[in-house]
Structures are given as structure tokens and as C-alpha cells.
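Here is a short report on one protein chain. Please keep the sequence and the 3D view open while reading.

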Amino acid sequence: MQYWLMKSEPGDYSIDDLERDGTEHWDGIRNYQARNLMRDQMKVGDRVLFYHSNAKPPGVVGVAEIAGRPYPDHTQFDPDAKYYDPTSDQDNPRWIMVDVRFVEKLPRLVSLPELRSYGELADMVLLNRSRLSVQPVTKEQYQFILDRAREPAPEKG
DNA sequence: GCCAACGTTGGC
DNA sequence: GCCAACGTTGGC
């Protein structure tokens, strides 16, 4: 089992949306590195930290799991879609997506500044200037963040 | 809304 | 293959 962090802007799709929907396809990935991770490394059942980006504050808000193997992202062929890719070939689609299933909403948000405050997380891809919207996390990082979420928020300062 | 960091494109 | 220009991400 591997562990991931996936970003979503809550204005576009939030953890509450996923809780309501149960399972949703994760479309719109248009980055080769993220695509390759989904295509080559994601396995059904892998756990995902659901991260709210462009939020106030940004941070990890929930857990999801990978619900199926990757398949073509239909939005790449939709001229009206935000992530339309006119250069993608119908017979050899460039972009894929996976289905993601809601697991839980964390007892509290673990914010980006809080994540940065933990030396244990210093190597997280998220904290090292990566803009990858799908990124691997280690089992230790995953568990550490869940453990923090089950404790009271640390004192500020 | 600004803009730094990063990724992609395309001319050469 | 280099790299400048451009586009996007995402924190602030």
C-alpha cells in the first residue's frame, strides 16, 4: 500500500463534496509527473491525504482511497472543459484519471504552516516547493499527519 | 490580486 | 539541446 497527497481547491471540489458524493473521478490532471505517478504507481486501495489548496488556510482536511485503476480523462476531449487538450489523440489519450473514494474527514484541519513546523515532515514533497497536485507521501508522513489531526491543535507562536 | 517558483513550449 | 518566453500553481 502506498500513500499520496492530492490537492484540490475547495471552491472547485472540497472534502465535503467528496463526503457527499462518496466516490468521484479525479479529472483535470495535466502534469506529466502527476500522470505518471497515477498511471505507474497508484494501486487500488492506496490511501490519499486530501489537501485543500488555495484555501484559508491551506492544509490536509481528510482521507480518501484510490477506488479504481486509471482510465482516460474524458475532459481532455471536451472543448468546453477547463482542461481541454486539443492536442490529445482520441485513440491514444494523453491524460488519465482515477476514482477516489471518501474515507474520513479529519477531526481538525492540519494547516500548511503547522505541517511546516514539524521536523518529521521536512522531506515532504509538499513542503519543498513542488506544485505537483498528486504527490507521494511516506507511510511515516501519512501516519504522523493523521496522528496530529487526532490531537488538539498546537499552541500558536 | 500579486508574484515567485516551477513546468512547458517552441525558436534557433 | 539550449533557453527565453510564456502559462500555471498556489501561498500570501
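Which residues does Q135 touch, not counting residues up to four places away in sequence? The contacts are Y3, W4, L5, K7, L37, V125, L126 and S130. The model is predicted.

## Q135 in strand 8

Q135 is found in strand 8. Its relative accessible area is 0%. Buried means under 20%, so Q135 counts as buried. A polar atom of the Q135 side chain lies 2.7 Å from the backbone nitrogen of L126. L126 also appears in the contact list of Q135.

Q135 can also be placed relative to L49. The two residues are 86 residues apart along the chain. Their C-alpha atoms are separated by 9.8 Å.

## Nonpolar cores

In soluble globular proteins, nonpolar side chains tend to be buried together. Here the largest nonpolar core has 22 residues. M6, M42, V98, V100 and V134 have the most contacts inside it. Several elements each supply at least two residues of this core: strand 1 (3–8), helix 1, helix 2 (32–40), strand 3 (47–52), strand 4 (59–66) and strand 7 (99–111). Another core lies apart from it, with 21 residues. Among them are Y51, L126, Y142 and F144.

V98 shows the surroundings of one residue of the largest core. Leaving aside neighbours within four places in sequence, V98 is in contact with M6 and M42. Those two are also on the list of residues with the most contacts inside the core. Other contacts of V98 include E24, H25, W26, M38, I66 and Y71. G68, R69 and P70 are in contact with V98 too.

## Helix 4

Which residues of helix 4 (residues 139–149) are buried? They are Q141, Y142, F144, I145, L146, R148 and A149. Y142 and F144 belong to the core of 21 residues. The buried residues of helix 4 pack against strand 1, strand 3, strand 4, strand 7, helix 3 (112–117) and strand 8 (134–137).

Q143 is also in helix 4. Its relative accessible area is 38%, so Q143 is partly exposed. Q143 and G62 are 81 residues apart in sequence. In space they are 13 Å apart, C-alpha to C-alpha.

## The largest pocket

The largest pocket has a volume of about 680 Å³. It is lined by 22 residues. The closest to its centre are K7, D12, D27, G28 and Y83. Strand 1 and strand 2 (23–25) are the elements that give two or more residues to the lining.

How many lining residues of the largest pocket are nonpolar, polar and charged? The lining has 6 nonpolar, 8 polar and 8 charged residues. K7, one of those closest to the pocket centre, is also touched by Q135.

## D17 and D85

D17 is found in helix 1 (residues 15–21). Is D17 buried or exposed? D17 is buried, because its relative accessible area is 17% and the cut-off is under 20%. A polar atom of the D17 side chain lies 2.9 Å from the backbone nitrogen of S14. Not counting residues up to four places away in sequence, D17 touches P10 and D12. D12 is also among the residues closest to the centre of the largest pocket.

D85 sits in the loop between strand 5 (71–72) and strand 6 (96–97). At 10% relative accessibility, D85 counts as buried. Beyond residues up to four places away in sequence, D85 touches Q76, R94 and W95. D85 and T75 are 10 residues apart along the chain, with their C-alpha atoms separated by 8.2 Å.

## The loop between strand 3 and strand 4

Most residues other than glycine have a negative phi, and most peptide bonds are trans. N54 has a positive phi of about 55° and is not a glycine. N54 lies in the loop between strand 3 and strand 4. Its relative accessibility is 66%, so N54 counts as exposed.

P57 is in the loop between strand 3 and strand 4 as well. The peptide bond from K56 to P57 is cis, with omega near -5°. P57 is touched by S111, a residue of strand 7. S111 is buried, with a relative accessible area of 13%. S111 also touches P58 and G59.

Definitions and conventions:
Residues are numbered from 1 along each chain as its sequence is written. Chains are lettered from A and ligands numbered from 1 in the order in which they are written. This is a predicted model: local features need pLDDT of at least 70, side-chain atom pairs count only at pLDDT 80 or more; totals for chains, interfaces and linings use all residues. Side-chain values use heavy atoms; hydrogens and water are left out. Helices (H or I, at least four residues) and strands (E, at least two) are DSSP runs, numbered from the N terminus. Buried means under 20% relative accessible area, exposed over 50%, partly exposed in between (1.4 Å probe, protein chains only). A polar contact is a pair of N or O atoms within 3.5 Å; within protein, one must be able to donate a hydrogen and the other to accept it, and residues adjacent in sequence count only if both atoms are side-chain atoms. Contact means heavy atoms within 4.5 Å. A nonpolar core is a set of buried Ala, Val, Leu, Ile, Met, Phe, Trp, Tyr and Cys residues joined through side-chain atoms within 4.5 Å. On a 1 Å grid over the protein atoms alone, a cavity is a set of points where a 1.4 Å probe fits but cannot get out, and a pocket is an open set with protein on both sides within 12 Å along at least five of seven lines; lining residues have an atom within 4 Å of a point. Grid points are joined across faces, edges and corners, and a volume is the space filled by probe spheres set on the points. Ala, Val, Leu, Ile, Met, Phe, Trp, Tyr, Cys and Pro count as nonpolar, Asp, Glu, Lys and Arg as charged, and the others, Gly among them, as polar.
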